[in-house]
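Hi there,

Here is the structure I promised to pass along, with my notes below it. Have it open while you read, and tell me what you make of it.

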Amino acid sequence: MLRKCISPNASIIKFIVLLIVAIVAVILPLLLQNPYYIQIIIMVVVNVMLAMGLVMLLSSGLVTLGCAAFWAVGAYASTILVMKVGLNFWYTLFLSGIIAGVIALGTGVVIVRLSKLAFTFVTIMIGTIVYLVVGRIEFFGGWGGIVGIPKPDPISLPFDVIVNFTARTSCYYLIIFLLLVNILVFYALYNSRIGRAWKAIKLNPQLAETLGINTNRYALAAYIIPAVFAGIAGSFYAHTFNVVEPDSFGFWKSIYIQVYAILGGVNFYILGPVIGSMFLTLLPEIFRVAHEIEPLITGCILLIVVIFLPGGLLSLPQYIHGSTGLEGKQNVFLRILRRKKR
Amino acid sequence: MTGALFAQLVVNGLATGMIYVLVASGLVLVLGIARVFNFAHGEFYMLGAFTAYFVVTLFKLNIILALILSLVLGAFLGAISYRSIFHYMRGDLLRCAAASIGIGLILKQSIVILWNPTSHSIVSEVFKRVIEIAGVTLSVGKLIVIFLGLLIMSGLYYLLMRTKTGKAMRAISLDSKTASLLGINTVKIYWLTMILGSGLAAVAGGIVAPLFVVSTNMGEGILLTVFMIMVVGGIESLPGTVIAGILIGLLGSFGYHFLTGFSELFMFCFVSIFLIFRPRGVFGSFVKEVY
């Protein structure tokens, strides 16, 4: 879509847009003095990382509703390793990713063989099992969760600069860095043989198999890679907010992540989750609505977008150009809108 | 374990299992025939329970009337949501899922805002009574639930297997395009299925209301259990769902007695292991590629 808006050969404009986004991302904490806003933006970025994982699995044609599970695994693994084993945060940040990846491998080997619908149901069950395990077993802190998780340890950079992570600002830069790594890895994957194989599997699994693509193995890759990043995001989340509790990793979290992805547009692998997550998290904050009304607004926005913009928010420019890919008799409202436009 | 305790646990398990079967079969119908992945199903169940609660407690009406009213409300909600939303995105499971999440959020939060989210319960004379059969004390309410569940399920069986509408529904679940070619009005059947499924969820909520507590969180809880039951039953097979629902109900009842808090976890792990050995549910086959 972005390509269409900006005309394909205008790579300079694209570069300038990216530069502006980068500059805004860097100076954002200086503009927002209130740490509460920075906290919201950190949460948005964590959601973006999770939603991007969901979209990656979706690009291979599978739907997961248990992405919060690997986030929880990462958060709890990091918490336990730091608080009970006594490891450094910077090791656990990667270890939690590896642990989440190993668990994804163990479960994924079994469940990628199921039919697509059964896969979705089983991911819901995996999410629930993780939620119940961390809630029920006292070792993981029970329903009350674990409080007082230490902040990330300070690191010393060259030129005698020591970065402390006691302030929200440095945590913000850390998560932006992680997001950047995540986006680069995903971008590389989508543009490689693996990404093309996922697209082929989504279009037609049988045909892909005849072309020599091992569908199960590629689906497994699409299941594990997001899990690793979700684990890293979970570790970051636990140490930034200093508390993990089972209720923040429940079924509704997974549902919300799916909503972010769908709202942004599932065909926009990287930009879709970013826009969806930002839109849905920032809109209630901008209007400063009460906590009670927030799900109502979320539901209404979701319904409106799903009915009128099947391709997500990012398909709006395409929609205005009149090529949403919708066939003939779709929606009465849609037809009325179209007529008005002409 | 004494025989009396065993009988009580079996009755409890059957009663819970019946509720699961009612809700799950509604969802299976909606998913298998109308091709709507309905996340608002749990909220329909919750609304059915709230309707029964209000009719009995505030308006002091009969419990039977309450059940009929919750059935009507559920059917009405299903009809409205299908005709105004799902109809325009039929065939696209992901969009249906997203829209139903939106509907669920709106329904649940409007209940939370209108009435405080504390749990309520209906005081019903008939349901709280106990009877003694052959030296075993049993709750009348649970027996009524089992009876009502059997009644509704046999009605559903009659509808699906003995009427022309049921035949059309089965035809559509096999192949909607061919069914449409053979002169079946598919849109009408989709609509009817959605009404039926939502009505089943709501009437299950109405039946639960006098027995357990009525709270705004009940929809979410049962939805997860129902998903588990559908996985065990084979997702699109109605007989499999019935067996799986009763199985999970009994398992929950016995598990809660012996393991208390861990019973849910135990159940989910049991199902996972079951799935490794039988990935296609109780009766196998039936699972079709839908996405």
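Before the first finding, a word on terms: an angle between two helices counts as roughly parallel under 35 degrees, roughly antiparallel over 145, roughly perpendicular from 65 to 115, and oblique for the rest. Please also keep in mind that this is a predicted model.

**Between the chains**

With that in hand, take helix 11 of chain A and helix 4 of chain B (residues 93-114), whose axes are 10 Å apart and which pack at an angle of about 120°. The two helices are therefore oblique to each other. Their crossing is left-handed. On the chain A side, A:Ile255, A:Val259 and A:Ile262 of helix 11 make the contact, and B:Leu94, B:Ala98 and B:Ile101 of helix 4 meet them from chain B. By class, that contact has six nonpolar residues, no polar ones and no charged ones.

How far does the contact between the chains extend in residue counts? In chain A, 35 residues are in contact with 37 residues of chain B. The elements of chain A that give two or more residues to this side are helix 6 (116-136), helix 11 (251-264) and helix 13 (294-308). Helix 6 gives the most, with 12 residues. Sorted by class, the chain A side has 24 nonpolar, seven polar and four charged residues.

**The core**

The largest nonpolar core has 201 residues, and the members that touch the most others are A:Met125, B:Val23 and B:Val231. If you click on B:Val231 and leave aside its neighbours within four places in sequence, you will find it in contact with A:Ala118, A:Phe121, A:Val122 and A:Met125 from chain A, and with B:Val271, B:Leu275 and B:Gly281 from chain B.

B:Val232 is worth a click too, and it lies in helix 10 of chain B (residues 218-233). Is B:Val232 buried or exposed? It counts as buried, because 24 C-beta neighbours lie inside 10 Å and the cut-off for buried is 20 or more. Its C-alpha atom and that of B:Phe274 are separated by 7.8 Å, although the two residues are 42 apart along the chain. Again leaving aside neighbours within four places in sequence, B:Val232 is in contact with B:Ala244, B:Ile248, B:Val271, B:Phe274, B:Gly281 and B:Val282.

**Inside chain A**

Chain A has 15 helices and four strands. Buried residues make up 45% of its 342 residues. Of the contacts in chain A with a separation of 6 or more, 74% are between residues 24 or more positions apart.

One helix pair here makes a nice companion to the one above. The axes of helix 4 (residues 67-85) and helix 10 (residues 215-241) of chain A come within 7 Å and cross at roughly 50°. That angle makes helix 4 of chain A oblique to helix 10 of chain A. This crossing is right-handed. Among the residues that make the contact are A:Phe70, A:Trp71 and A:Gly74 of helix 4, and A:Ala230, A:Gly234 and A:Tyr237 of helix 10. The contact has 12 nonpolar, seven polar and no charged residues.

A:Ile270 is found in the loop between helix 11 and helix 12 (271-287) of chain A. With 18 other C-beta atoms within 10 Å, A:Ile270 is partly exposed. Leaving aside neighbours within four places in sequence, A:Ile270 is in contact with A:Met52, A:Ile183, A:Phe186 and A:Tyr187. The C-alpha atoms of A:Ile270 and A:Asn182 are separated by 9.8 Å, with their positions 88 residues apart along the chain.

**Two backbone spots to look at**

Most residues other than glycine have a negative phi. Which residues have a positive phi without being a glycine? A:Asn242 has one of about 60°, and B:Arg35 has one of about 55°. A:Asn242 sits in the loop between helix 10 and strand 4 (243-244) of chain A, and it counts as partly exposed, with 14 C-beta neighbours inside 10 Å. B:Arg35 lies in the loop between helix 1 (3-34) and helix 2 (41-57) of chain B, and it is buried, with 20 other C-beta atoms within 10 Å.

Happy to go through any of this with you over a coffee.

Best wishes

Technical notes. Residues numbered from 1 in each chain as written. Chains lettered and ligands numbered in written order. Predicted model: local features only at pLDDT ≥ 70, side-chain atom pairs only at ≥ 80, totals over all residues. Core = buried A, V, L, I, M, F, W, Y, C linked by C-beta atoms within 7 Å. Buried ≥ 20, exposed ≤ 12 C-beta atoms within 10 Å, placed from the backbone. Contact = placed C-beta atoms within 7 Å. Nonpolar A, V, L, I, M, F, W, Y, C, P; charged D, E, K, R; others polar. Axes fitted to C-alpha atoms, helices over the stretch in contact; angles between N-to-C directions. Left-handed = near helix turned anticlockwise from the far one by under 90°.
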